[in-house]
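Visitor: I would like to go through this model term by term. Please give the rule each time, then the value.

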Amino acid sequence: MKTSSKLKVIELFAGVGGFRIGLEGWKGKSSTSNFKKKISNKIPFEITYSNQWEPKTKRQHANEVYLNRFGPKGHFDISIDDISVNDLPIKCDLMVGGFPCQDYSVASTLRNSKGLIGPKGILWWQIERLLSQLKSKAPKYLILENVDRLLKSPAKQRGRDFAMMLRSLDNLGYNVEWRVINAGEYGFPQRRRRIFIFGFKKSSALSKYLSKYTKQDIVESKGIIGKAFPSSTILKKEKLISEKILLPKYLNEISTDFDANFLNAGVMINSTIETYKVSPKYDGPFSRLSDILQDDDIDEEFYISKSDESKWKDHKGAKKITRITKGGYEYNFSEGSMRYPDDLDKSSRTIITSEGGATPSRFKHVIECKMNKKKRRLTPIELERLNMFPDDFTKLNDITNTKRAFFMGNALVIGIVEKLGNSLSSYISKL
Ligand SMILES: C[S@@+](CC[C@H](N)C(=O)[O-])C[C@H]1O[C@@H](n2cnc3c(N)ncnc32)[C@H](O)[C@@H]1O
C-alpha cells in the first residue's frame with residue numbers, strides 16, 4: 001500500500017504508543033533489531049503526528065520510550081494545552097487517544113462554567129478545542145479510550161460528563177458509537193474493562209452507509225465497534241436522554257438531579273441517542289495467565305521474600321476493620337479476599353499503574369511458579385504480554401522495572417486496537 005493512500009492518524013496522549021503499535025502493526029522483540037513493522041506495506045494506518053506529556057515530572061520517561069522506538073518524526077513532547085492547531089498535519093483521517101481518566105470529570109467547572117469550553121486542564125476539552133479549531137480539516141473518525149466509570153461520572157449527576165462529551169461531539173458534527181469492552185471476554189489475556197468511543201462525521205460516507213441499519217444493528221454487529229466485537233442485547237433504552245443531553249447550552253443549565261443512566265453500549269446518530277446493555281458474543285479461544293508467563297531466568301527481585309509473605313497474605317485477605325477519618329469520624333471498613341496467588345487458568349486481572357515494586361499490595365499480581373512452587377510478582381515482559389505489547393518494548397537503559405509496570409498500567413490491550421483498526425479499514429475499503 002502506498003504511503004499516500006494510508007489513513008493518516010494523530011495519536012494524542014500517546015504514552016508509550018499502544019494505539020500506534022496496534023494500528024501500524026508493530027511486532028518483534030523490541031530490544032533487538034528484530035523490532036520492525038509486520039507486513040508494513042499492507043498496514044492501512046500511518047501515525048503522522050503524536051503527542052505525549054507527563055505533567056509535573058522533569059524526566060519524560062514515556063516520551064523516551066516512544067522516541068526510541070518510533071523516532072522523532074512528527075512527535076511532540078509538549079502538553080496538549082500547548083499544541084497549536086497550526087502544527088497539526090494538514091491531512092488527518094483519524095484521531096486516537098486514551099485521555100487521562102482522572103481528568104475527564106467536569107465537576108469543578110459546573111459552578112463557574114461559561115459554557116461548553118471549560119477551563120484549561122480538563123483534558124477532554126483540549127481534544128474538543130483541537131477538533132473545533134481544525135474546523136473542516138477535523139478528522140472524519142475518532143477512537144477514544146477511557147475507564148468505564150466515565151459513563152457514570154460524577155456520582156451525584158450520573159452520566160453528566162459523558163453526556164457533555166456526546167453533546168460537544170454532536171456539535172462538532174460527529175455521530176458516535178460507544179462500548180465498554182472487557183478484553184478478557186474476547187479472548188485477550190487481560191480482563192481490562194475500558195470504554196471505547198468511536199466518532200464518525202455525520203457527513204461521512206460511513207454515516208450514509210450505516211444509515212440503512214437500525215441503531216440496535218449498529219451496536220450489535222454493524223458498527224465499527226459492533227463488527228469488531230459482536231454482542232447481543234439484553235436491555236434497550238430508546239431515545240433515552242437526547243433532550244436532556246443535547247438541549248442545555250451551558251453546564252449550569254443541567255439540573256442537579258441529572259441522571260443519564262448510560263448502559264454499556266450505545267449510539268448517537270444525528271443527535272438521537274440510544275443506549276443498550278449488551279453481552280459479548282464470542283466463541284473463540286480464551287487466553288490464560290499461564291500462557292504469557294516466562295519460563296526461566298526470572299530475576300530474584302520478583303520473588304516474594306519469606307519475610308514479606310505474611311504481609312502479602314494480609315493485603316490479599318478479607319478484612320473488617322474500624323477506621324477513623326482525619327476529622328475523627330469512625331467507620332467500619334470491610335473488603336473480601338483476593339485470589340492469592342492469582343489464578344493461572346483465567347485471563348489476568350487488570351494491571352494498574354502501581355503494579356511495579358516489591359512492596360506488598362492487594363492489587364499486584366502474584367503467581368506461583370509451576371517449576372519451583374515459589375511465589376513471585378510478574379516481570380515487565382509478562383506485563384507487556386498482558387497488554388499484547390512486543391516483549392521488552394519498554395526496556396531502555398535506565399528505565400526502572402517499576403516505571404515499566406506504570407506504563408503498562410496506563411496502556412491498553414493492543415488486540416482491541418488491532419480489531420477496531422481492521423474493522424474501520426475494511427469498511428472504508430468498501431465505501
Ligand atoms: C491513559 S494514558 C494513555 C496511554 C497510551 N494509550 C499507551 O498506550 O501508553 C494517558 C497519557 O496521557 C499523558 N498526559 C497526561 N496529561 C497530558 C497533557 N497535558 N498533555 C499530553 N499528554 C498528557 C500521560 O502522561 C499518559 O501517558
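Guide: Angles under 35 degrees count as roughly parallel, over 145 as roughly antiparallel, 65 to 115 as roughly perpendicular, and the rest as oblique. This is a predicted model, in which local features need pLDDT of at least 70 and side-chain atom pairs pLDDT 80 or more, while totals for chains, interfaces and linings use all residues. Residues are numbered from 1 along each chain as its sequence is written, and side-chain values use heavy atoms, without hydrogens and water.

Visitor: Why are α3 and α4 called roughly parallel?

Guide: Helix α3 (residues 123-134) and helix α4 (residues 160-171) pack at an angle of about 5 degrees, their axes 11 Å apart. The axes are lines fitted to C-alpha atoms over the stretch in contact, and angles run from 0 to 180 degrees between N-to-C directions. An angle under 35 degrees is roughly parallel, and α3 and α4 are therefore roughly parallel to each other.

Visitor: Which residues of α3 and α4 meet?

Guide: W124, W125, E128 and L131 in α3 meet M164, M165, S168 and L169 in α4, where contact means heavy atoms within 4.5 Å. By class, this contact has six nonpolar, one polar and one charged residues. Nonpolar means Ala, Val, Leu, Ile, Met, Phe, Trp, Tyr, Cys and Pro, charged means Asp, Glu, Lys and Arg, and the others, Gly among them, are polar.

Visitor: What makes a pair of ligand and protein atoms a polar contact?

Guide: The pair must be N or O atoms within 3.5 Å. A side-chain N or O atom of Q52 is 2.8 Å from an oxygen atom of the ligand. For S79, a polar side-chain atom lies 3.0 Å from a ligand nitrogen atom. A polar backbone atom of I80 is 2.9 Å from a nitrogen atom of the ligand.

Visitor: What is unusual about the peptide bond from Y340 to P341?

Guide: The peptide bond from Y340 to P341 is cis, with omega near -5 degrees. Most peptide bonds are trans. P341 lies in the loop between β14 (330-335) and β15 (366-368); strands are DSSP runs of E, at least two residues, and helices are runs of H or I, at least four, numbered from the N terminus.

How values were computed: Polar contact = N/O pair within 3.5 Å; in protein donor to acceptor, adjacent residues only side chain to side chain.
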